[in-house]
Amino acid sequence: VAMDLTRLAVDAGQFINRAVQYTEESLGHGEKTELDPGLGELFVRADATKTWSDQMISQTEVLLQPNSGARLEDRLYEHLDWSVPPRPRTHEVLGDQMVQAGLEMGSNTPYGTALLRCGEAQKQLGEAERKFVQSTNIHFLTPLRSFTEGEYGDERKMLVNKRLDLDIAKTRLRKAHEADREGRSLNANPLEDDYLSHVSYMFSFLRVKWLKAEMEQRICQSLFDRQSEITRRVVEGIGNTHTNHMRSLTDFVEGQACYFDQCHQHAQELQKQLQLCEQTKNSQISTQLDQISTISTVHLLLHATPIKHLIKLTLLDEAPPPWFDLAQVAAEKRGEAPCQSLTKKKLCLNLKDQIRIPK
């Protein structure tokens, strides 16, 4: 526990020193070690890549999940290493509502049938969207995150810390030299007889402090140079990073094209089904109108055909009355079997049941 507390105190002191150095540099009051020009150019390119990668990741997440609350919840689950619970897509929710509405309206009605088919199509769109989201997360977002949250960010942050430590050591060494010069100037003009002993003690103390600051500066310089080389090797591979991101971008576009193609197919199939429903509805209406027209015509013709002649026709093999051809045409329009295949007796009795014979 004591070692942990000591380490915590050292880290806290180091953090405070770095914060003070960074603040002084920002205000223009402190020295700042400049990086190698070649390394600086690589950093500009790598920083631009990281900045735009972060923005593309953020906007792609918005594209895949427009709900900010759901995105925050998913990110929380990821940080806690918990499995994200399945969440229905908006198309799937709409599809469930359409199916329920279609069952409520009646599956045997044209509107209810259309709602049921639309609901199933919306569910298919939701499933296609789910697959697209999974593909995008695996083949596009994961490679980008591995760069922004991976080696480059860690090494760049480490280099900044090593540079701050080096500048802190340089500041301490400069202050030690300044104190040494002040001590020498005081030694050149002693004020009291016993001043010599105090000056000797001061010089020994400053000498130790100066040597310590010089040794610390050398160590920090060595660590900074080593970290600079490590970071250089990382940022020199930015060209390979761009190649990998280009491959990931191609995978994203291919997945998007496949998703849009599936949506187009589902929409076209739904459109055909709805047109078929409309044609069926119109056919039913036309059949009903034809039946009404045929019955009305027969009803009028029966005014000229006595009822006893109709009954006689059902018993004798005689030529049909004038309304027989009209009934045959109506039957053919409805797609029924030709009237010739029916006996005259059945046809006459059928019409007799449908039509109220006038007295």
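The legends below describe close-up views of a predicted model.

**View 1. An all-helical fold.**
The protein has 11 helices and zero strands. From the N terminus on, every element in the run is α. The protein holds 359 residues, and buried residues make up 31% of them. About 24,300 Å² is exposed, with carbon and sulfur atoms supplying 57% of that area. Take the contacts between residues at least 6 apart in sequence: 76% of them join residues at least 24 apart.

**View 2. The largest nonpolar core.**
In soluble globular proteins, nonpolar side chains tend to be buried together. The largest nonpolar core here has 14 residues. Those with the most contacts inside this core are Leu 39, Phe 43, Ala 46, Tyr 152, Leu 159 and Val 235. Helices α2, α6 and α7 (195-235) are the elements that give two or more residues to the core. What does Ala 46 touch, leaving aside neighbours within four places in sequence? Ala 46 is in contact with Phe 147, Tyr 152, Val 235 and Ile 238.

**View 3. A second nonpolar core.**
A separate core has 12 residues. Its members include Ile 57, Leu 125, Leu 141 and Tyr 259.

**View 4. The salt bridge between Arg 156 and Asp 47.**
Side chains of opposite charge can pair when their charged atoms come close. A search of the whole structure finds 14 salt bridges. One of them joins Arg 156 to Asp 47, with the closest N and O atoms 2.7 Å apart. Arg 156 lies in helix α6 (residues 151-188) and Asp 47 in helix α2 (residues 37-64), so the pair ties together parts that are 109 residues apart in sequence. Are these two residues buried or partly exposed? Arg 156 has 22% relative accessibility and counts as partly exposed. Asp 47 is also partly exposed, at 27%.

**View 5. A salt bridge within helix α2.**
The side chains of Asp 54 and Lys 50 meet in a salt bridge, 3.2 Å from N to O. Both residues lie in helix α2. They are four residues apart, about one turn of the helix. Asp 54 is partly exposed at 33% relative accessibility. Lys 50 is partly exposed as well, with a relative accessible area of 24%.

**View 6. Arg 130 and Glu 92.**
Arg 130 forms a salt bridge with Glu 92, and the closest N and O atoms are 2.6 Å apart. The pair links distant parts of the chain, 38 residues apart. Arg 130 sits in helix α5 (residues 110-148), and Glu 92 in helix α4 (residues 90-105). Which side of the 20% cut-off for buried does each residue fall on? Arg 130 has a relative accessible area of 23%, so it is partly exposed. Glu 92 is at 13%, so it is buried.

**View 7. A salt-bridge network.**
Three residues are linked in a network of salt bridges. They are Glu 61, Arg 75 and Arg 145.

**View 8. Asp 74 and its contacts.**
Asp 74 is found in helix α3 (residues 68-79). Asp 74 has a relative accessible area of 17% and is therefore buried. What does Asp 74 touch, not counting residues up to four places away in sequence? The contacts are Val 84 and Arg 87. Asp 74 and Val 84 are 10 residues apart along the chain. Their C-alpha atoms are separated by 6.2 Å.

**View 9. A nonpolar surface patch.**
Phe 15, Ile 16 and Val 20 make a nonpolar surface patch of about 320 Å². Val 20 lies in helix α1 (residues 2-27). Val 20 is partly exposed, with a relative accessible area of 43%.

**View 10. Cysteines without disulfides.**
The structure holds zero disulfides. Cys 258 is in no disulfide, and the nearest cysteine sulfur, that of Cys 263, is 9.6 Å away. The cut-off for a disulfide is 2.5 Å between cysteine sulfur atoms. Cys 258 counts as partly exposed at 42% relative accessibility. Cys 118, at 15% relative accessibility, counts as buried.

Methods. Residues numbered from 1 in each chain as written. Predicted model: local features only at pLDDT ≥ 70, side-chain atom pairs only at ≥ 80, totals over all residues. Heavy atoms only, no water. Buried < 20%, exposed > 50% of the residue type's maximum accessible area, 1.4 Å probe, protein only. Patch = residues over 30% accessible without salt bridge, like charges linked within 9 Å, V, L, I, M, F, W, Y side chains within 5 Å. Areas by Shrake-Rupley, 256 points an atom, 1.4 Å probe, with all protein chains shown as cover. Salt bridge = Lys/Arg side-chain N within 4 Å of Asp/Glu carboxyl O. Contact = heavy atoms within 4.5 Å. Core = buried A, V, L, I, M, F, W, Y, C linked by side-chain atoms within 4.5 Å.
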